[in-house]
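Subject: Structure handover

Hello,

Here is the structure I promised to pass on. Please open it alongside this email.

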Amino acid sequence: MNVQASPDRAEDRPLLYLNGVSVSFDGFRAINNLSLYLERGEMRAIIGPNGAGKTTMMDIITGKTRPDSGEVFFDGTIDLTQHDEPAIATFGIGRKFQKPTVFESHTVEDNLLMALQGSRGVLGQLFYRLNRDDAAKISEILETTRLSARRSDLAANLSHGQKQWLEIGMLLAQNPKLLLVDEPVAGMTDAETEETARLLKEIAQDHSVIVVEHDMHFVRELGVKVSCLHEGSVLSEGSLDHVSKDPRVIEVYLGR
Ligand SMILES: Nc1ncnc2c1ncn2[C@@H]1O[C@H](COP(=O)(O)OP(=O)(O)OP(=O)(O)O)[C@@H](O)[C@H]1O
């Protein structure tokens with residue numbers, strides 16, 4: 001019996017539990033006996049060379065790809081392999097893809113409002129009135145994402161980095177327990193990259209977060225546990241110092 005998989009109380013189990021997960025595409029094993037556990041309240045950085053399986057792992061967590069074998073549990077008892085993408089989003093898993101997909105012709109505030117309404121379903125949207133709680137939530141998100149001063153500006157006029165922050169804000173509006181963030185700092189200026197590390201650390205105070213990123217300076221700023229994937233499984237795990245000294249990581253990734 002796997003002790004980590006079955007402690008007595010659901011709330012004592014890891015928030016996310018992947019055990020022995022594999023998936024093949026046309027005979028190629030993109031994910032190969034992958035095991036990874038994320039504690040409640042933890043932020044984890046995922047690194048690894050191109051093709052290591054990082055995106056496929058995210059696809060499995062969000063229900064976009066169904067694994068051939070292995071266990072994927074969320075919040076102790078939810079078997080993610082038994083649910084599709086829309087259902088998994090309602091369980092509190094939010095994903096941000098690499099390219100920002102904000103609504104450019106709407107204001108920053110309206111983008112957040114739409115995200116807030118979107119999480120309520122059709123009926124909720126039909127009878128929607130901005131109440132005091134929602135207004136406070138939007139102000140809080142604007143502050144977290146450094147966008148308070150841009151509230152009434154069109155999203156189209158934001159910098160690339162600010163668009164990424166707005167999209168993170170749109171995720172926050174949906175109240176996720178777990179945020180999956182794919183290469184947030186690609187294309188950002190150095191100042192934006194550093195601000196993004198601070199921003200994610202603030203968010204991680206009351207959310208669990210998985211960040212996939214190639215920018216090692218940024219990963220160092222995050223200061224969290226790192227998992228290096230290679231050929232579909234975890235090659236090395238621990239602090240960035242530990243992982244970046246691992247000869248296998250140097251050989252397949254950092255030394256390149
Ligand atoms: N739908 C698919 N069909 C066929 N092969 C796929 C599919 N999705 C992923 N792969 C293959 O699986 C492997 C893992 O890909 P994945 O995109 O998960 O890697 P990654 O670590 O995210 O890489 P990158 O850093 O380049 O984004 C790659 O060899 C990829 O070509």
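The notes below go through the ligand shell, the sheet, the hairpins and a few single residues.

Please bear in mind that this is a predicted model.

**Ligand shell**

Start at the ligand. The residues around it are Phe25, Ala30, Gly48, Asn50, Gly51, Ala52, Gly53, Lys54, Thr55 and Thr56. By class, that shell holds 3 nonpolar, 6 polar and 1 charged residues. Which element gives the most to it? Helix H1, residues 54-61, does, with 3 residues.

**Helix H1**

H1 is worth a look in its own right. Of its 8 residues, 7 are buried, so H1 is largely enclosed by the rest of the structure. The buried ones are Lys54, Thr56, Met57, Met58, Asp59, Ile60 and Ile61. Lys54 and Thr56 therefore appear twice: they are buried in H1 and they belong to the ligand shell. Just after H1 comes glycine 63, with a positive phi of about 85°.

Glycine 63 also gives a way to place glutamine 82. The two are 19 residues apart in sequence, and their C-alpha atoms are 8.5 Å apart in space. Glutamine 82 sits in the loop between strand E5 (78-79) and helix H2 (85-90). Is glutamine 82 buried or exposed? It is exposed, because just 11 other C-beta atoms lie within 10 Å, and the cut-off for exposed is 12 or fewer.

**The four-stranded sheet**

Next, the sheet. It is open, has 4 strands in the order E2-E1-E4-E5, and pairs them in the antiparallel sense. E2 (28-38) and E5 stand at the edges with a single partner strand each, so one side of each has no neighbour in the sheet.

The pairings in detail:

- E1 (residues 16-25) and E2 run antiparallel and are joined by 7 bridges. Serine 24 stands opposite arginine 29 in E2.
- E4 (residues 69-74) and E5 pair in the antiparallel sense over 2 bridges. Phenylalanine 74 has isoleucine 78 in E5 as its bridge partner.

E1 and E2 also form a hairpin, with 2 residues between them. Aspartate 26, in that turn, has a positive phi of about 50°. The ligand shell touches on both strands of this hairpin: Phe25 and Ala30 are among the shell residues, E1 covers residues 16-25, and E2 covers 28-38.

Asparagine 33 is in strand E2. Its phi is near 55°, a positive value in a residue other than glycine. Asparagine 33 counts as partly exposed, because it has 14 C-beta neighbours inside 10 Å.

**The E9-E10 hairpin**

There is another hairpin further along. E9 (residues 225-230) and E10 (residues 233-238) run antiparallel and are joined by 5 bridges. Valine 226 stands opposite glycine 238 in E10. The hairpin has 2 residues between its strands.

Glutamate 231 lies in the loop between E9 and E10. It has a positive phi of about 50° although it is not a glycine. Most residues other than glycine have a negative phi. With 15 C-beta neighbours inside 10 Å, glutamate 231 counts as partly exposed.

**Helix H7**

H7 covers residues 190-203, which makes 14 residues. It reaches 20 Å from its first C-alpha to its last, close to the 20 Å expected at 1.5 Å a residue. Its buried residues are Thr196, Ala197, Leu200 and Ile203. They cover an arc of only 130° around the axis, which puts them on the same side of H7. On the other side, Asp190, Ala191 and Arg198 are exposed.

What do the buried residues of H7 pack against? The list is strand E3 (43-47), helix H5 (132-144), helix H6 (160-172), strand E7 (178-182), strand E8 (208-212) and helix H8 (216-222).

**Valine 209**

One residue on that E8 side deserves a stop. Valine 209 is in strand E8. It counts as buried, because it has 23 C-beta neighbours inside 10 Å. Leaving out residues up to four places away in sequence, valine 209 touches Met43, Leu179, Val181, Leu200, Ile203 and Ala204. Leu200 and Ile203 are among the buried residues of H7. Valine 209 and arginine 13 are 196 residues apart along the chain, and their C-alpha atoms are separated by 16 Å.

Best regards

Note on methods. Residues are numbered from 1 along each chain as its sequence is written. This is a predicted model: local features need pLDDT of at least 70, side-chain atom pairs count only at pLDDT 80 or more; totals for chains, interfaces and linings use all residues. A residue is near a molecule or strand if its C-beta atom, placed from the backbone, lies within 6 Å of it. Ala, Val, Leu, Ile, Met, Phe, Trp, Tyr, Cys and Pro count as nonpolar, Asp, Glu, Lys and Arg as charged, and the others, Gly among them, as polar. A residue is buried if 20 or more other C-beta atoms lie within 10 Å of its own, exposed if 12 or fewer, and partly exposed in between; C-beta atoms are placed from the backbone. The expected span of a helix is 1.5 Å times one less than its number of residues. The arc is that of the directions from the helix axis to the C-beta atoms. Two residues are in contact if their C-beta atoms, placed from the backbone, lie within 7 Å. Two strands pair if DSSP finds at least two bridges between them.
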